[in-house]
Amino acid sequence: AEAITLGDGGPVEPGPDGALPDPNDIWMREVRLRRLLGIEPELQAIRRVAQWMRDRTATQELQLLSARLREIQQDLDPAIIADQDRLLELAEIYAILGEVDAAAVIHRALANQALATNNEAEFQTQLETLANLQSAWFYFDDAAATYDELLELAQRQPDRENEIRYLRVQSHNLEQARQLAAAITAQAKLLDIYTQAEAFWPMVPPLQHDIAENYLALSNLTEASRYFRSAYTNALTQLQFNVSADSIRSLIEVYAALER
């Protein structure tokens, strides 16, 4: 067996029996060696190793890497500017390791620090990163709550573009969390914005159809039929024939259920 190279470091030689060490042992050895060179080289090594271990479900190694990150994190303070970039780096690596809660704690701490110093731009950035992380890892309830904070910020600024964007993703996360009543409330706010500006009118029929579907899932057939009717009519006006066809088919089913 030939020697293999360890990251960008030295070679790993075969053992006396000619067999190479276990790949997981090789990667963990690199992390230990990089620690001797300082925090930054060590974190670079952990970042490289993290995805390898995740792909192979190497539970013990993942736990060891997470424990080491927590040791590093103990010496960092979100209030110290020099530590903030390092904390962001830790959050990214935590996410690679699958430690979503640990990553979320860092982003929340950085968001709180930004808010304490009246840095709304950074506060917004950290909350958006947090919400995206939560949504990507199926923490839909948490993501919806974070987007609610972002909505308050957008309405306070005011920022109509971001308000629309946050309402869209918030309603999506609420639907995924099966909080359909709350999703309808968010969609109703979005619908109110759409109906106030002609440029948004093409977005009205699909949204009305989505609201109707949510009412249908809640067994509120009266409201479902009302929104399906509106979606059908407005979709025809906008020449959105797919939406109109879907709406009329759903409306038939609702009328049948209502014996109308």
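This briefing describes the fold, the surface and a few selected sites of one protein chain. The model is predicted, and its protein chain holds 12 helices and two strands. Read along the sequence, the two strands come before the helices, in the pattern β-β-α-α-α-α-α-α-α-α-α-α-α-α. The radius of gyration of the protein chain is 26 Å, whereas a compact globule of 260 residues would have one near 18 Å.

**Overall dimensions and packing**

- Measured out along its principal axes, the C-alpha trace of the protein chain spans about 85 × 50 × 30 Å.
- Of the 260 residues in the protein chain, 38% are buried.
- Among the contacts in the protein chain with a separation of 6 or more, 47% are accounted for by residues that lie 24 or more positions apart.

**Surface and charge**

- The protein chain exposes about 14,100 Å², and carbon and sulfur atoms supply 51% of that area.
- The protein chain carries 22 positive and 40 negative charges, and the mean positions of these two sets are 2 Å apart.

**Helix α9**

- Helix α9 covers residues 180-196, a run of 17 residues, and from its first C-alpha to its last it reaches 24 Å, which is close to the 24 Å expected at 1.5 Å a residue.
- The buried residues in α9 are L180, A183, I184, A186, Q187, L190, L191, I193 and Y194.
- The cover over these buried residues of α9 includes the helices α8 (160-176), α10 (204-217) and α11 (221-237).

**G98, in a loop**

- G98 is found in the loop that lies between α4 (81-97) and α5 (100-116).
- Because its relative accessible area is 32%, G98 is classed as partly exposed, the class that lies between buried, under 20%, and exposed, over 50%.
- Leaving aside residues up to four places away in sequence, G98 touches R54 and W137.
- Computed from C-alpha to C-alpha, G98 and L69 are 13 Å apart in space, while in sequence they are 29 residues apart.

**H107, in a helix**

- H107 is found in helix α5, the helix that runs over residues 100-116 and follows the loop holding G98.
- H107 has a relative accessible area of 7% and is therefore counted as buried, since the cut-off for that class is under 20%.
- Not counting residues up to four places away in sequence, H107 touches L88, A91, Q126, T129, L130 and L133.

Conventions:
Residues numbered from 1 in each chain as written. Predicted model: local features only at pLDDT ≥ 70, side-chain atom pairs only at ≥ 80, totals over all residues. Heavy atoms only, no water. Helix = DSSP H or I, 4+ residues; strand = E, 2+ residues; numbered from the N terminus. Rg over C-alpha atoms; globule rule 2.2 N^0.38 Å. Buried < 20%, exposed > 50% of the residue type's maximum accessible area, 1.4 Å probe, protein only. Contact = heavy atoms within 4.5 Å. Areas by Shrake-Rupley, 256 points an atom, 1.4 Å probe, with all protein chains shown as cover. Lys, Arg positive; Asp, Glu negative; His and termini not counted. Charge placed at Lys NZ, Arg CZ, Asp CG, Glu CD. Expected span 1.5 Å × (residues − 1).
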